[in-house]
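Biologist: I am new to this structure. Can we go through the terms and see what earns each one?

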Amino acid sequence: MTVQQIINIANASSIYASNELSSGKIHSGSVNENDPYIIHLVRQGVEWLYDIDPTFEDLVPDSNYLLSLCKHSNKAEANITGGGSPTPVTSPTAPEHYDFVVGATATATAPIKDGDTSVILTRFRGYKLFVVRGGIPQSEINDGITACYSWNKETTEFLIINAPASTGEPWLIYPSL
Amino acid sequence: MPLSVNATETQVKGEPSKIYFTDLTTGTDVTIVKRRIYLTDKDGNPVVESGTTTTYEEWNDFPATDEITLDLLTRDMALSGRIDWLNNSNVAVYTLPILLQFPLYAKEYYWKLIKAQRLNDGLRKSGNFYHNFIALECSIKQAEDAITVLEDINSSQAALDRAHELINNSSYFF
């Protein structure tokens, strides 16, 4: 996983953690009340560091630490390497995420092709999803205009709403418990 | 073809007192032989290297030398000024205005806070730590927004001063 991908996940995670808090799940222990802004602060620092010096030695451990923080809100981290997390977390049973660029045809590693508005993603059955499209975290809220998605974790049907996939778009689809 | 002047100015990571200038000028003008960099703080005071007796820094040997590093800052600052491209008679033929903020002292401290947190998970429970961490982040962003959105050097310097206070009193705030 690249630093940019971790930054994208952290962007979505801080929003997700805020939603968890506002929905009262803080009391269930799934989200710490400091989590949204801790993730935000560390993500901002990693982003600044990445912009200024993408080869700096602290960038990998800081990024891994950021990914480990996301665990508390979306359990999105997997396969952490390079150290840097107080409690590095791996999710050996979680399905592999998709990280691809849309092309003319779908493949095993790039399941969405140009023009698609619906695909079946059996790999993620039973999981929630985090979706980043063109570098922008995607929402399931359909305002009738903005690109968004719909996911049925039972049928594994993934709908691409308001803007079909188009060639050249980078996508990141990550499973979450 | 006359020159289309342009330049970038960035603080040097690990050495935030230094500003690295890169001349990105395109075109040709054989009359131009050097540049001068004029910088002032929010109060209009010249900002030059220690030992410089003029109100500007010379940047000689145009166009062969397109980079120069100046040791100018003892703390984060918002600066305004200009770069002039001069002919043999020291007449400015082209000018590029400058209005920038240099927040790297604060960002380098910010990165230290992330490292401290990474190495001490107990900090995650400290509301005071995060309250002031956010204050530092907001100050850095306010300094940037004041320049890029408002072109307001005073507000930018005020934000950088707030960050400086947090860092200078770190044992109290963090």
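Modeller: We take the interface of the two chains, then a sheet. Keep in mind that this is a predicted model.

Biologist: What makes A:Asp62 and B:Arg118 a salt bridge?

Modeller: Their side chains meet at 2.7 Å, N to O. The cut-off is 4 Å between a side-chain nitrogen of Lys or Arg and a carboxyl oxygen of Asp or Glu. The pair therefore meets the rule. Across the interface of chain A and chain B, four salt bridges are found.

Biologist: How many residues does each chain bring to the contact?

Modeller: Chain A brings 24 residues and chain B brings 18 residues. Together they bury about 2,000 Å², 61% of it on carbon and sulfur atoms. A:Leu41, A:Trp48 and A:Tyr65 supply 33% of the area that chain A buries against chain B, more than any other three residues.

Biologist: How many residue pairs are in polar contact across the interface of chain A and chain B?

Modeller: Six, with both residues at pLDDT 80 or more. On the side of chain A that touches chain B, helix 2 (35–52) and helix 3 (59–74) each supply at least two residues. Helix 2 of chain A gives the most, with 12 residues.

Biologist: Now the sheet. Why do strand 2 and strand 5 of chain A count as edges?

Modeller: The sheet is open, with three strands of chain A in the order 2-6-5 and antiparallel pairing. Strand 2 (118–120) and strand 5 (148–152) each have a single partner strand, so one side of each lacks a neighbour in the sheet.

Biologist: How do you know that strand 5 and strand 6 of chain A pair?

Modeller: Pairing needs at least two bridges. Strand 5 and strand 6 (residues 157–161) of chain A have five, so they qualify. A:Trp151 stands opposite A:Phe158 in strand 6 of chain A.

Technical notes
Residues numbered from 1 in each chain as written. Chains lettered and ligands numbered in written order. Predicted model: local features only at pLDDT ≥ 70, side-chain atom pairs only at ≥ 80, totals over all residues. Heavy atoms only, no water. Contact = heavy atoms within 4.5 Å. Buried area = accessible area lost by both parts, 1.4 Å probe. Polar contact = N/O pair within 3.5 Å; in protein donor to acceptor, adjacent residues only side chain to side chain. Helix = DSSP H or I, 4+ residues; strand = E, 2+ residues; numbered from the N terminus.
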